[in-house]
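Biologist: I'd like to learn how to read a structure like this one, starting with the charged side chains. Could you show me the ropes?

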Amino acid sequence: MDAFHADRVPNRIHTVHRVSAAALGCFLLLFGVLSFAAPVDFLATSGAVVFGLSTNGLLATVSVIVGAVLVVAASRSGPTASSTLVIFGGLFVISGVANAVVLDTALNIFAFRVSNVVFSLVVGTVLLTLGAYGRFTGRLPDTSPYHGHGHGQTPTAAGDMPDRPLDPQTARALADAERATTEHTATPRQTAGVVAAAAYRTEEDRSRAFAQATAAFDRELPQEGDERGTEGPPGLTERGAGRGIRRHFRRRRARAVSGVPNS
């Protein structure tokens, strides 16, 4: 974990957001400090030139404030940096358009020139693109830290059970169950979890489905076994455990789809 990876799980997308925010923030801070040293009035409409950009006291003040906010956002987290980049990107674009209208007038309180307008439009577009990178797209990749944020969870084969926080123990239990299944030594409970996890791709979804399926197995199978004088649902013999578990969860899924409550 380093200065640009304060997030719990480091990710390349977070790095892009935070480095971009920090880089622009430092540039604006330097631009603002050098602008304060220029011999120009606070609200002059024709300012001094710093880094090829016209500036006055007001623009220097705004640059220092915006630069400081960007640096702080970069030091907090990837999502904070991303949101800040999108917000300031939009403001830069609006500033470029608005100041292009008032060039060479008394309303040009930021002492903008054509170079400033171009800078605002280009930097604003870049900030919007970098801030939205890996976050605001129609279909996020599984590797994106924003994958699944703000969306409803997909129903699992084990029923409408609330999501439980994942932990390494669940992942290890799933790995052990899959290994036991390949070695034909899996218990009915492990088979139930492996069958439920097989319907998903990502490790997070597979672990969640496994945890929910095994929890449902522990909760419901003893009751069904008591009614039938066995240790599980129909077909759950030692030899046919896999087939019995699959039939059991197919029936539960069919009942859920048809609206019939599971008994």
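Modeller: Sure. A salt bridge here is a side-chain nitrogen of Lys or Arg within 4 Å of a carboxyl oxygen of Asp or Glu. Keep in mind that this is a predicted model.

Biologist: Fine. How many salt bridges does the structure hold?

Modeller: It holds 5. Take Arg179 to begin with: it forms a salt bridge with Asp176, and the closest N and O atoms are 2.5 Å apart. Both residues sit in helix H5 (residues 168-182), 3 residues apart, which is about one turn of the helix.

Biologist: Are Arg179 and Asp176 buried or exposed?

Modeller: Somewhere in between. Between 20% and 50% relative accessible area, a residue counts as partly exposed. Arg179 is therefore partly exposed, at 44%, and Asp176 is partly exposed too, at 36%.

Biologist: Which parts of the chain does the pair Arg206 and Glu178 link?

Modeller: First the pair itself: the side chains of Arg206 and Glu178 meet in a salt bridge, 2.0 Å from N to O. This one links distant parts of the chain, since Arg206 is in helix H7 (residues 203-228) and Glu178 is in helix H5, 28 residues apart. Arg206 is buried, because its relative accessible area is 13%, while Glu178 is partly exposed at 29%. There is a network too: salt bridges link Glu178, Glu203 and Arg206.

Biologist: And how far apart are the closest N and O atoms of Asp205 and Arg208?

Modeller: They are 3.7 Å apart, and the two residues form a salt bridge. Asp205 and Arg208 both lie in helix H7, 3 residues apart, or about one turn of the helix. Arg208 has 10% relative accessibility, so it counts as buried. Asp205, with 27%, is partly exposed.

Biologist: Let's move on to helix packing. What describes two packed helices?

Modeller: Two numbers do the job: the angle between the axes and the distance between the axes. Here, helix H1 (residues 12-36) packs against helix H3 (residues 78-101) at an angle of about 50°, and their axes are 8 Å apart. That angle makes H1 oblique to H3. The crossing of the two is left-handed.

Biologist: Which residues make the contact of H1 and H3?

Modeller: On the H1 side you have His14, His17, Arg18, Ser20, Ala21 and Leu28, and on the H3 side Gly78, Pro79, Ala81, Ser82, Leu85 and Phe92. Sorted by class, the residues of this contact come out as 6 nonpolar, 5 polar and 1 charged.

Biologist: What about H3 and H4, at what angle do they pack?

Modeller: H3 and helix H4 (residues 114-132) pack at about 155°, with axes 7 Å apart. An angle over 145 degrees counts as roughly antiparallel, so H3 and H4 are roughly antiparallel to each other. H3 passes H4 in a left-handed crossing. The contact of H3 with H4 has 15 nonpolar, 10 polar and no charged residues.

Biologist: How do the axes of H1 and H4 cross?

Modeller: They cross at roughly 155° and come within 9 Å. That makes H1 roughly antiparallel to H4. Again the crossing is left-handed. From H1, the contact uses Val16, His17, Ser20, Leu24 and Phe27; from H4, it uses Phe119, Val123, Leu127, Leu130 and Gly131. The class split for H1 with H4 is 7 nonpolar, 3 polar and no charged residues.

Biologist: Last topic, backbone angles. What sign of phi do most residues other than glycine have?

Modeller: Negative, for most of them. A positive value is what you flag, and Phe51 is a case: its phi is near 55°. Phe51 is in the loop between strand S1 (48-50) and strand S2 (53-55). It is partly exposed, given a relative accessible area of 45%.

Biologist: And where does His184 lie?

Modeller: In the loop between H5 and helix H6 (188-197). Phi of His184 is near 60°, again a positive value in a residue other than glycine. His184 counts as exposed, because its relative accessible area is 74%.

Terms used. Residues numbered from 1 in each chain as written. Predicted model: local features only at pLDDT ≥ 70, side-chain atom pairs only at ≥ 80, totals over all residues. Heavy atoms only, no water. Axes fitted to C-alpha atoms, helices over the stretch in contact; angles between N-to-C directions. Helix = DSSP H or I, 4+ residues; strand = E, 2+ residues; numbered from the N terminus. Parallel < 35°, antiparallel > 145°, perpendicular 65-115°, else oblique. Left-handed = near helix turned anticlockwise from the far one by under 90°. Contact = heavy atoms within 4.5 Å. Nonpolar A, V, L, I, M, F, W, Y, C, P; charged D, E, K, R; others polar. Buried < 20%, exposed > 50% of the residue type's maximum accessible area, 1.4 Å probe, protein only.
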